[in-house]
Amino acid sequence: MRELVFALEYESGRNRVADALADHPGARVRSLSVHATDDHLWRVDHAAGTPAALDDVEAAFLDGDYYADCLATEHCGATQTTRVLDHTDDALVLYTDWEPTPVCASVPHIARDHLGESALFETRHEGRHYTWRLIHSGEGDVGTFFDALRDAVGDAARTELLKTASVSGATGGSGANGSEIGLTPEQEAALRAAVEHGYYESPREVDVGGLADHLDVPRSTLTYRLRRAEERLAKAHVAEGRVVDAAPGSE
């Protein structure tokens, strides 16, 4: 099995959900489930943010001219149904059922054509950065997939490859060295820079955009590296039994 991670960075006015999230820094949408067949796509998404952000995200899904995941540059005649499963002050859960037409395109359908029908999908959308994580058999042609994806996206978004690797269940060993818990050199460098420049201070001394400029990497790349590094650190910490009950009054 192979893991493929890439990001689409949308231009203003080219994706309603991206525009809504860009207006509300800190808001995000992540997939809970994504399933696709040749002529259908179903997905459930969880959005988090302020009440105003969630209202705008809901409107983007419900009132958009066409399905937000469709890569066609104009209305393609597809049938879309979106239902709100839950909407609270800080969370929104949406169910979408999409039936594309022959002129439509989407990441899952392009992946099915070039990477096989067994591909699994996970997404995270923050601001204009839409990150896709795919798990596939490894028998397809990733280069052809990316060519087809870039053709479908056109000038609506910039496509950036973040990772391609074999899937491994190993989380690495323990210890202070990042390589010992499974961090890549890039993830460890991102983490060190984040600490050194005050990204984890409260309040933060630098935001992710400023840190990305300092490291001279795209924002989506840095966000992905930090998130994966934090995930591995947290899992290693819990696996070693270091999590203890907090003292009264501590945060």
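## Cysteines

Cys104 comes out at 14% relative accessibility, so it counts as buried, the cut-off being under 20%. Cys76 is buried too, because its relative accessibility is 11%. This is a predicted model, and the search for disulfides in it comes back with a count of 0.

## The chain as a whole

Zooming out, the protein chain has 251 residues, and 42% of them count as buried. Its secondary structure adds up to 7 helices and 8 strands.

How do the contacts spread along the sequence? If you take contacts between residues at least 6 apart in sequence, 65% of them join residues at least 24 apart.

## The sheet

The strands make an open sheet of 8, and reading across it the order is E4-E5-E3-E2-E6-E7-E1-E8, with antiparallel pairing. Strand E4 (79-87) and strand E8 (157-166) are the edge strands, each with pairing on one side only. On average, neighbouring strands in this sheet are turned by 15° against each other, if you ignore direction.

Here's one pairing in more detail. Strand E1 (residues 2-10) and strand E7 (residues 129-136) run antiparallel and are joined by 8 bridges. If you want a spot to start from, take Leu4: its bridge partner in E7 is Leu134.

## Helices across the strands

Two helices are worth tracing over the strands. Helix H2 (residues 51-63) lies across strand E2 (28-37), strand E3 (40-48), E4 and strand E5 (91-99). Against E4, the helix H2 runs at about 155°.

Helix H7 (residues 219-239) has its own set of strands: it lies across E1, strand E6 (120-126), E7 and E8. Its direction is at about 30° to E8, which is one of the edge strands.

## Helix H3

Helix H3 (residues 107-115) is largely enclosed by the rest of the structure, because 7 of its 9 residues are buried. Which residues of H3 are the buried ones? They are Val107, Pro108, His109, Ile110, Ala111, Arg112 and Leu115. Right after the helix comes Gly116, with a positive phi near 105°.

## Aromatic rings

A pair of aromatic rings is described by two things, the distance of the centres and the angle of the planes. The whole structure holds 7 aromatic pairs. One of them is Phe6 with Phe146, an edge-to-face pair at 5.5 Å centre to centre and 75° between the planes. This pair ties together distant parts of the chain: Phe6 belongs to strand E1 and Phe146 to helix H4 (residues 142-153), 140 residues apart. Phe6 counts as buried because its relative accessibility is 0%, and Phe146 is buried as well, at 5% relative accessible area.

Phe146 also pairs with Phe145: the ring centres are 5.4 Å apart and the planes sit at 75°, so this pair is edge-to-face, the rule being an angle over 60 degrees. Both Phe145 and Phe146 are buried. Put the ring pairs together and you get a cluster of Phe6, Phe145 and Phe146.

## A charge over a ring

What sits over the ring of Tyr199? That would be the charged end of Arg204, 4.0 Å from the ring centre.

How values were computed. Residues numbered from 1 in each chain as written. Predicted model: local features only at pLDDT ≥ 70, side-chain atom pairs only at ≥ 80, totals over all residues. Heavy atoms only, no water. Pairing = 2+ DSSP bridges. Helix = DSSP H or I, 4+ residues; strand = E, 2+ residues; numbered from the N terminus. Axes fitted to C-alpha atoms, helices over the stretch in contact; angles between N-to-C directions. Contact = heavy atoms within 4.5 Å. Disulfide = S-S within 2.5 Å. Buried < 20%, exposed > 50% of the residue type's maximum accessible area, 1.4 Å probe, protein only. Phe/Tyr/Trp six-rings, centres within 6.5 Å; stacked < 30°, edge-to-face > 60°. Lys NZ or Arg CZ within 6 Å of the ring centre and 35° of its normal.
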